[in-house]
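Here is a short tour of a protein model, written for someone who likes to see the cut-offs. Please keep the viewer open as you read.

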Amino acid sequence: MVCRLDALPTFELPQGYGVRHFTDGDDKHWDHIIFSSFVWYVKLPHFARVMSGDVAFEPRRVLFITHGQTPIATASAWWRPAHPPTLGYLHYVAALDTHRGLSLGLRVSLACMYFMKAEGRTHCLLHTDDFRLPALHTYLKLGFEPVLVHENQRQRWLDVFAALKRPSLAKQFADILSGPVVLEGSAAWRGILPSIHAGS
């Protein structure tokens, strides 16, 4: 999915909640939050394997929403070496169920998108799964649009819209769902985000 960063909604937090970036020792908080949402992960120290060893890692890129002093939601304002510099990547979004109902996944994602925008990025990309309906609801609410990467996704997106009880999205994204399959690096990929590649 992809989103422009030029017209983001206002970032607000409920009273008693804050936002901050990663500091020493937060790897345990990150693992706890991620394991609570991505329940299929093997419960091993994960942060060092998938985050701090990545070329994009900087502590300021890993954001947390906190309740009191405790991190309870996270997302990261990432980037990928193969992508143009104006394209950010929303990475590992998760929130604890104990704070459900406060749109914390949306809020921490939005904080990352503002971070990317301040860096001069114009678009944000993410990858997700079609069974993660609450996450898809959040991303659509933030303005993300589908990107087809396989023929079978034409029907899979229709199934998602039906499961979300938002059949009007099929009409809203009809041009995308009837358009070309897009592989990263292909001519179709470059055509999807022309402003990203201008001058790159």
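Leaving aside its neighbours within four places in sequence, Arg121 is in contact with Leu5, Arg61, Trp79, Pro85, Thr86, Leu87, Gly88 and Met116, where contact means heavy atoms within 4.5 Å. This arginine sits in the loop between helix 3 and strand 6. Helices (H or I, at least four residues) and strands (E, at least two) are DSSP runs, numbered from the N terminus. One of the partners, Pro85, offers its backbone oxygen 2.6 Å from a polar atom of the Arg121 side chain.

This is a predicted model, in which local features need pLDDT of at least 70, side-chain atom pairs count only at pLDDT 80 or more, and totals for chains, interfaces and linings use all residues. Residues are numbered from 1 along each chain as its sequence is written, and side-chain values use heavy atoms, with hydrogens and water left out.

Is Arg121 buried or exposed? Arg121 counts as buried because its relative accessible area is 12%; buried means under 20%, exposed over 50%, and partly exposed in between (1.4 Å probe, protein chains only).

Three residues can be set side by side:

| Residue | Place | Relative accessible area |
|---|---|---|
| Arg121 | loop between helix 3 and strand 6 | 12%, buried |
| Arg107 | helix 3 | 21%, partly exposed |
| Thr74 | strand 4 | 0%, buried |

Thr74 has a polar atom of its side chain 2.9 Å from the backbone oxygen of Leu63. Beyond four places in sequence, Thr74 touches Trp30, Ile33, Ile34, Val62, Leu63, Phe64, Tyr92, Val93, Ala94 and Val108.

Leu63 turns up again in the sheet, as the bridge partner in strand 3 of His21. Strand 2 and strand 3 (residues 62–67) run antiparallel to each other and are paired over 5 bridges; for two strands to pair, DSSP must find at least two bridges between them.

Now for the whole sheet. How are its strands ordered? The sheet is open, has 6 strands with mixed pairing, and follows the order 1-6-5-4-3-2. At its edges are strand 1 (2–4) and strand 2 (17–21), each pairing on one side only. From one strand to the next, the twist averages 25 degrees. Helix 3 (residues 104–118) packs on this sheet and touches strand 1, strand 2, strand 3, strand 4 (70–78), strand 5 (87–95) and strand 6 (123–125). The direction of helix 3 makes about 40 degrees with that of strand 4; axes are lines fitted to C-alpha atoms, for helices over the stretch in contact, and angles run from 0 to 180 degrees between N-to-C directions.

On helix 3, Arg107 is in contact with Phe11, Glu12, Leu13, Pro14, Ile65 and Leu102, leaving aside neighbours within four places in sequence. Its C-alpha atom is separated by 9.4 Å from that of Thr138, 31 residues apart along the chain.

Stepping back, the protein has 9 helices and 6 strands, and buried residues make up 44% of its 200 residues. Of the contacts between residues at least 6 apart in sequence, 70% join residues at least 24 apart.

How far can the model be trusted? The mean pLDDT, the predictor's confidence in each residue from 0 to 100, is 89, and 88% of residues reach 70 or more. Among the elements, strand 3 has the highest mean (98) and helix 9 (residues 194–197) the lowest (48). Over residues 195–200 pLDDT stays under 50, and the model has 11 contacts beyond four places in sequence for them.

Methods. Polar contact = N/O pair within 3.5 Å; in protein donor to acceptor, adjacent residues only side chain to side chain.
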